[in-house]
Amino acid sequence: MSRPHSQPTPEEIKEKKDLEEALEEGLEETFPGSDPVNVTQPAPSRGDSHVKRSD
């Protein structure tokens, strides 16, 4: 069953606003470019096992 639709919490609103601002900044810094902006870091693949990433 699905949840009834409710208003977003202030935390959800802030998170969405922050994400939109990060995407906009990424677009401005990379324009013009051919690759789409990606705010999140993809999970490492098996071939990346030798690379150390900070979280």
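These legends walk through a few close-up views of one predicted model.

The model is predicted, so local features need pLDDT of at least 70 and side-chain atom pairs count only at pLDDT 80 or more, while totals for chains, interfaces and linings use all residues. Residues are numbered from 1 along each chain as its sequence is written, and side-chain values use heavy atoms, with hydrogens and water left out.

**View 1. The whole chain has one helix and zero strands.** Helices (H or I, at least four residues) and strands (E, at least two) are DSSP runs, numbered from the N terminus. Of the 55 residues in the chain, just 2% are buried. Here, buried means under 20% relative accessible area, exposed means over 50%, and partly exposed is in between (1.4 Å probe, protein chains only). The chain's accessible surface comes to about 5,800 Å², and carbon and sulfur atoms account for 54% of that. Accessible areas come from the Shrake-Rupley method with a 1.4 Å probe, and for residues only the protein chains shown count as cover.

**View 2. Lys14 and Asp18 pair up in a salt bridge.** That term means a side-chain nitrogen of Lys or Arg within 4 Å of a carboxyl oxygen of Asp or Glu. The closest N and O atoms of this pair are 2.8 Å apart. Both residues lie in helix α1, four residues apart, or about one turn of the helix. Asp18 counts as partly exposed because its relative accessibility is 33%.

**View 3. Lys17 and Glu21 make a salt bridge too.** Their N to O distance is 3.5 Å. Helix α1 holds both Lys17 and Glu21, four residues apart, about one turn of the helix. Lys17 has 49% relative accessibility, so it counts as partly exposed, and Glu21 is partly exposed with 42%. The salt bridge count comes to two.

**View 4. Leu19, Leu23 and Val39 form a nonpolar patch on the surface.** Patches take residues with over 30% relative accessible area and no salt bridge, joining like charges within 9 Å and nonpolar side chains (Val, Leu, Ile, Met, Phe, Trp, Tyr) within 5 Å. Together the three have about 220 Å² of accessible area. Leu19 lies in helix α1, which covers residues 10-30. With 43% relative accessibility, Leu19 is partly exposed.
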